[in-house]
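Here's a quick tour of one helix, the sheet it sits against, and a couple of backbone oddities. Have the structure open as you read.

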Amino acid sequence: MTYRPKTFSLAALALVALSQAQTQGLHIPDVHSPSPVATKLSTAQADFIVAVVNSEPITNIEVQRETQREYQQLVQQHRAPPDARVLLPEVLEGLINRKAQLQLARETGLRVEESAIDQAEQSIAAQNQFDVAELHQRVQQEGQSISEFRNQLSDQILLQRLRERDVDAHVKVNEQDIDQFLQEQKTVMDSGDVEINLAQILVAVPESASPTQVDALKLRAQRALDRARKGEDFAALVKEFSDASDLANGGQLGLRSTSRYPELFVKATHTLGVGDVADLVRSPAGFHVLKVIEKVRPDLPTMAVTQSHARHILLVPSAHMSEAEAVRKLADLKKQIVSNQADFAALAREYSQDGSAAQGGDLGWASPGMFVPEFETAMNRLAPGEVSDPLVSRFGVHLIQLLERRKVSLTQEQQREAARAVLREKKIQEAYRTWVQDIRARAYVEMREPPQ
């Protein structure tokens, strides 16, 4: 879980880039007109101390600026901002927590190197497809000096490092935790409180069918069932055997609660795992061959994963090619690919600086978590055949094309790792809330009344 303290939008973008939790779709917000909050605050521009945190003051101007920035972020996220009377106390409390945490970080020896701030700036600029000079220009257009902006970035990096050291590093998930979690999940699954996605082959039986015809149709359905259980592609079998009106999506009926499926289907698949094929089901419509595609509870990890088959072109910035130049080069290659002027695999073999270049950039089938988060986030947003915009990761700049996706069942070890990830995230959130409250409780905080 990546902590994003309430702060200036550009600094928040830097933290996102540094933590590599999300690196696509970033933008620098335009703030050309005052928000209603800013208009309301403009009548009280005189500066004064509103709170003291361990002898360090928080001023009225700081709270006003932070409130306006918070308002702008809510607007950009298409969320309705609260009334200023609600937002102002929240912003002040956020500033108090943030200042107390920064003081703790510095007192305990954490520091941020200039090179880390430089990297943060370069990442923001590259992700938005412009250089650092243009980034600085936009920062100044929004009313901040470059030194203020870099200080914001430094604070964000410092807070992230503090959390990683004092919270994330101390959270452990043991094997007993995982055993208990999986047993609880099994109990939930057995209770029927789940969502399932079934694929079907329907061999229709007309109402007027004679016993001989019914037997022949049953044999046809049985052949389809036998071949499905041998591992043949179910979507191909749907096209060959199914009489259902909708053959799209490999006969899949969609992920929905069991209450929205026919009781016959639920009973036939109740004890099956993902990828299993049920015994033949007879209904008034005919004979059904049912395969379990997904079986999940919304708040628990699924026992199946979606694998992605992708390829990429990687350019590694160097003294001969800056990160921004690599972004521009890959943007040009993308234009050639989408306009059918060039083949992705051929360009990968020519330009990519990755070991996959000889295979046309092909990365093979990959399960979630196999790639770094920023790469995986960008890949997951693509439809099959689609090419991403240039993406900056810790390894360089990528151009990604998704080839196809598929669902596969998790192995026992993968199920345990998925459970471990869910439990770790939950424990981190709980530990973080306690940690924030503890730092706040240990800080000396004096609230000041505005001057009369």
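Just past the end of α9, Gly231 takes a positive phi of about 100°. Keep in mind that this is a predicted model. From that glycine, let's step back into α9 itself, then on to the sheet and two loops.

**Helix α9**
- Helix α9 covers residues 211-229, 19 residues in total, and at 1.5 Å a residue that should give a span of 27 Å. The end C-alpha atoms of α9 are indeed 27 Å apart, so the expected figure and the model agree.
- Which residues of α9 are buried? They are Val214, Leu217, Ala221, Ala224, Leu225 and Ala228.
- Looking down the axis of α9, those buried residues stay within an arc of 100°, so they line one face of the helix.
- Flip to the other side of α9 and you find Thr212 and Leu219, both exposed.
- The cover over the buried residues of α9 includes two strands and a helix from further along, namely β5 (281-283), β6 (286-296) and α10 (234-241), as well as β3 (195-204).

**The sheet**
- Four strands make an open sheet, in the order β4-β3-β6-β5, and the pairing is antiparallel.
- At the edges sit β4 (256-257) and β5, each of which pairs on one side only.
- β3 and β6 share 10 bridges in the antiparallel sense. As one landmark, Ala199 stands opposite Lys291 in β6.

**How the helices sit on the sheet**
- α9 lies across β3, β5 and β6, and runs at about 30° to β6.
- α10 packs on the sheet too, touching β3 and β6, with its direction making about 30° with that of β3.

**Positive phi outside glycine**
- As background, most residues other than glycine have a negative phi.
- Ser55 has a positive phi, near 75°, without being a glycine. Where is Ser55 found? Look in the loop between β1 (49-53) and β2 (56-59).
- Is Ser55 buried or exposed? Its relative accessible area is 64%, and since the cut-off for exposed is over 50%, Ser55 counts as exposed.
- Asn340 is another non-glycine with a positive phi, in this case about 60°. Its place is in the loop between α12 (323-338) and α13 (344-351).
- With a relative accessibility of 72%, Asn340 counts as exposed.

Notes: Residues numbered from 1 in each chain as written. Predicted model: local features only at pLDDT ≥ 70, side-chain atom pairs only at ≥ 80, totals over all residues. Heavy atoms only, no water. Expected span 1.5 Å × (residues − 1). Buried < 20%, exposed > 50% of the residue type's maximum accessible area, 1.4 Å probe, protein only. Arc of directions from axis to C-beta. Contact = heavy atoms within 4.5 Å. Pairing = 2+ DSSP bridges. Axes fitted to C-alpha atoms, helices over the stretch in contact; angles between N-to-C directions.
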